[in-house]
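Q: I should be grateful for a close look at one helix of this structure and at the helices that pack against it. Please set that part in the context of the chain, and add what is worth noting elsewhere.

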Amino acid sequence: MTGTADVDVDKGSVGPATDRFAASAQVPPDEPRRISLLKQPRTEPRAEARPEPRTEPRTEPLPRTRPHGDFHTDSYQESHRQDSHKGEQGVAADEPPTGDHLAVDEPLLAARAHRPSDLIRFLAGVMGIVALFLLATFAVSTTSGLELDISANTQRIPGLLSTVAALVSSVAVLAVPLAFAVERLIKRDGLRVADGVLASVLAYGVSLGVDWWVAAGASKVIREALTQLPPDGSRTLTDPVHGYLAPVIAYMTAVGMSSRPRWRVALWVVVILSGITELVSGYTTLLSLLLTVLIGWSVAYGTLYAIGSPNIRPTGNHLMLGLRKVGFAPAGAHRAYDAPGGTRRYYVEQQDGPPLDVHIIDREQQASGFFYRAWRRLRLRSVAVRRSPQSLRQALEQEALIAYAAAASGARAPQLVATSELGPDAAILVYEQVPGRTLDELAGDEITDQVMASLWESVGALHERRIAHRRLTGESLLVVDDKTGCLVNLSGGDIAASDLTLRIDVAQLLTTFALRVGPERAVATANAVLGADRVAASLPLLQPVGMSRSTRIDLTRLSKERKAAAQALALEQVAAGERTQQQAEEDIATAGEDLLSRIRGQILQIAPEAPMAPAKLERLKPKTLIMVIALTFAAYLTLTTVKPAQLKLSQMDWAWAAVALAAAAVSYVAAAMSLTGFVPERLPFRRTVAAQVAGSFVKLVAPAAIGGIALNTRYLQKAGIRSGQAVASVGASQLAGLAGHLGLLFCFGLITGSQTNGDLGASRAVIIGVLTAAVLALVVAAVGPLRRFVVTRVRSLFFGVVPRMLDLMQTPSKLVTGFGGIILLTLSFTACLDASVRAFGWSMSFSAVAVVFLTANAAGSAIPTPGGIGPVEIALVGALTLSGVPPVAATPAVFLYRALTFWLPVLPGWISYNVLQRKGAL
């Protein structure tokens, strides 16, 4: 008997993503399009109609294996079969039961899905709103000219026509959405109506907020561009955002009308008519209308992404009907692990044929990972990034083309036997199922050289036909037995690939194997199959940026694990006296060598003439982007934070300001001394001073202490000092600086206390400093995660500090230079602050200023903001005020101090940073 099933996977359907089948019936023209799939009878001719595989016909079906990742539990399977049976009864209620029930073992799809496309549209709308405000701010002449042209042309429209249009639009703008909601509720589609109502309410709230901001907080230029006086003579300005139009736009966007063209056209006609009548009548401006549309649009998509859209992805039962459409006779299916990119996979058992591996691609899966792909496309050259297909049809055709090309090349890969659309928003690709386990599922001793050689042979066959795989990670390498491997997940490949793309494939597979079996076996097997020349050609491509995301994560994890294990072993061996400190540091440095470097070393052993220069894969480096952002951020903060009115330049004593500038300049010499004094090796002093100046730029994008530590460590490594010794030297400098900080605070506190003569005003800073240090120490000790974090960081930073200090003991002049630099650094900053206070007509004892600087700077730097911006200023002003300096003098003094020590050195720091980078010193 033949039955008919309607598969409704339209965007307008609602409810959880379970089976949405209905019996065949007459449907109105405006209903969602349904795909009718004939349930084919199980006859022998139908079985013969399936495409024949390229291999010899099998006499027995392939044994069904249950790869790791099957979503299968007995209790869930039983309940899901019951639900599926109920759904099928609803599908063909007029068909008598025949016992032909198809079980699909899969987890229920989420009732709602957070679509990346909704987030992208929301961000696009927000950017449009920002662009509109910028247009209103800077293009004043253009906006004014448009308003004048519109006002002149609207006077030619007959008054009766505008009155009738206004009346009709004011009624229709509410009546049409209401009628649509009633129609949807009658058809039990209330979920989308509820989404639309929520979006409209939020849009109304946002409209009120924007109205209030434009009226109270926006600039005059923006207010004039978005509002105007109404023509009725009222002195009340028009609303910047239409309080009823924005909710209507949000409502009609949120309910989704792509599959209901009549309603969509009617609503948009009403909205456009309402906007035109408001514009003609003089109750709005053109920019106000655009802002209204953008707010309604953005709020709708933001709401949909936040709460999720009804999930319309096809289920396993849709898949069963789709397979019948292309001539298969499925008996059951179960869900397998997703393929790369989020492609859903099902293992399908047939009634009279081998098992199948079916892939479902849909629009939701295509949109996932959009931001990551966009960043990779922006960062890397086009040859290193595969361009994503623009449509579902293109994705289907591209994957099918790759599969057929791989089969023609002779590579071991699953054969594609059929393709088909599954509704308007999904498609299926049917492959022969190949039993086996992926490389990620195998233990290291199960990966034989024969398996690796088999996989290299398949890759070589692809490359002979200029086919690139592009996803040669462990999940794409299927091991059939102990001698044979098969390439899967070819959907991301390329046809007619360039030489660089093929070399990236080789580098990726080398790294994948090396992560599991080591670089020695990985390179040896590749050399045996491909030859030394082709393996050597991949050496310039052995870069983390050219690898897949999962490979980069594995490389980072492996490096951290090896380094942590080496450090722990070194600590134990040094404590037991088995190895010296220098030997332990060498062991740590050897263990810290990354895997890619070890692979390069193996390649150079088989091909000493291999090219060494890394290929240029990046078009935009992250540090370049960070530099641009930092300069923009610095310029913005300089223009908005450091204001001439706050500095009170007219009241400033320029002589004391010059003294403050000189003291700030001395601080860089002192910082260079404090670093070189704790490095036994000889460092060029001028270059070290330049590195400290470069630190002024680094502070913009990192907390004050962290940025300096990272830069100094990098500088020492580039100077030829081993990584462990460089970290130890910087750690010794930081440890000595902390001791010097506390010692100077104690000494200056005693001096300040003895000079107050019973006046507690200046000594309050000492009390605040002690209490602040005590509170911070208690917080760190009490909070477990914070304590473990600090202990781990301190242990890593100060590992080898004591042996490094013992080495320095042999050269007392180095220690004198180091501790002298620490004392000079504190004194120079204190002198700069003292001179800044004196520049505005106030004075304190030098010891009191030192206590203020030491306590306030430490408290402000405890909050990890770039350069301590904000907390340091607040702490310094507060400490000076508590010490008796009036706020009218403390505030400009702190601004002058921060301008000389933080903002003014930014440009010289940027120049020094770039010069040192070009010279290879950073």
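A: The chain holds 35 helices and 16 strands, in what is a predicted model. Of its 922 residues, 47% are buried. Among contacts between residues at least 6 apart in sequence, 79% join residues at least 24 apart.

The helix chosen for the close look is α24, which spans residues 654-676. Two of its crossings are described here, one with α34 and one with α31.

Helix α34 comprises residues 887-903. The axes of α24 and α34 come within 9 Å of each other and cross at roughly 40°. The two helices are therefore oblique to each other. The crossing of α24 past α34 is right-handed. On the side of α24, the residues that make this contact are A657, A660, L661, A664 and Y668; α34 contributes L896, L900 and T901. Sorted by class, this contact has seven nonpolar residues and one polar residue, with no charged residues. As a general point, an α-helix has 3.6 residues a turn, so residues three or four places apart point the same way. The contact positions A657, A660, L661, A664 and Y668 of α24 may be viewed with that point in mind.

The second partner, α31, covers residues 812-839. Here the axes come within 7 Å and the crossing angle is roughly 160°. An angle over 145 degrees counts as roughly antiparallel, and α24 and α31 are therefore roughly antiparallel to each other. In this case α24 passes its partner in a left-handed crossing. By class, the contact of α24 with α31 has 18 nonpolar, nine polar and two charged residues.

Helix α25 occupies residues 685-698. Its 14 residues reach 20 Å from the first C-alpha to the last, close to the 20 Å expected at 1.5 Å a residue. Ten of the 14 residues of α25 are buried, so this helix is largely enclosed by the rest of the structure. The buried residues are T688, V689, A691, Q692, V693, A694, G695, S696, F697 and V698.

Outside these helices, some loop residues deserve attention for their backbone geometry. Most residues other than glycine have a negative phi. R466, although not a glycine, has a positive phi of about 60°. This residue is found in the loop between α15 (449-464) and β13 (467-468), and at 33% relative accessibility R466 counts as partly exposed. N489 likewise has a positive phi, near 60°, and is a residue other than glycine. Its position is in the loop between β15 (485-487) and β16 (494-495). N489 is buried, with a relative accessible area of 11%, because buried means under 20%.

A further loop residue, A110, lies between β4 (103-105) and β5 (112-113). Its relative accessible area is 46%, and A110 is partly exposed. A110 and P310 are 200 residues apart along the chain, and their C-alpha atoms are separated by 8.7 Å.

To return to the helix at the centre of this account, α24 is oblique to α34 and roughly antiparallel to α31. Its crossing with α34 is right-handed, whereas its crossing with α31 is left-handed.

Conventions: Residues numbered from 1 in each chain as written. Predicted model: local features only at pLDDT ≥ 70, side-chain atom pairs only at ≥ 80, totals over all residues. Heavy atoms only, no water. Axes fitted to C-alpha atoms, helices over the stretch in contact; angles between N-to-C directions. Helix = DSSP H or I, 4+ residues; strand = E, 2+ residues; numbered from the N terminus. Parallel < 35°, antiparallel > 145°, perpendicular 65-115°, else oblique. Left-handed = near helix turned anticlockwise from the far one by under 90°. Contact = heavy atoms within 4.5 Å. Nonpolar A, V, L, I, M, F, W, Y, C, P; charged D, E, K, R; others polar. Expected span 1.5 Å × (residues − 1). Buried < 20%, exposed > 50% of the residue type's maximum accessible area, 1.4 Å probe, protein only.
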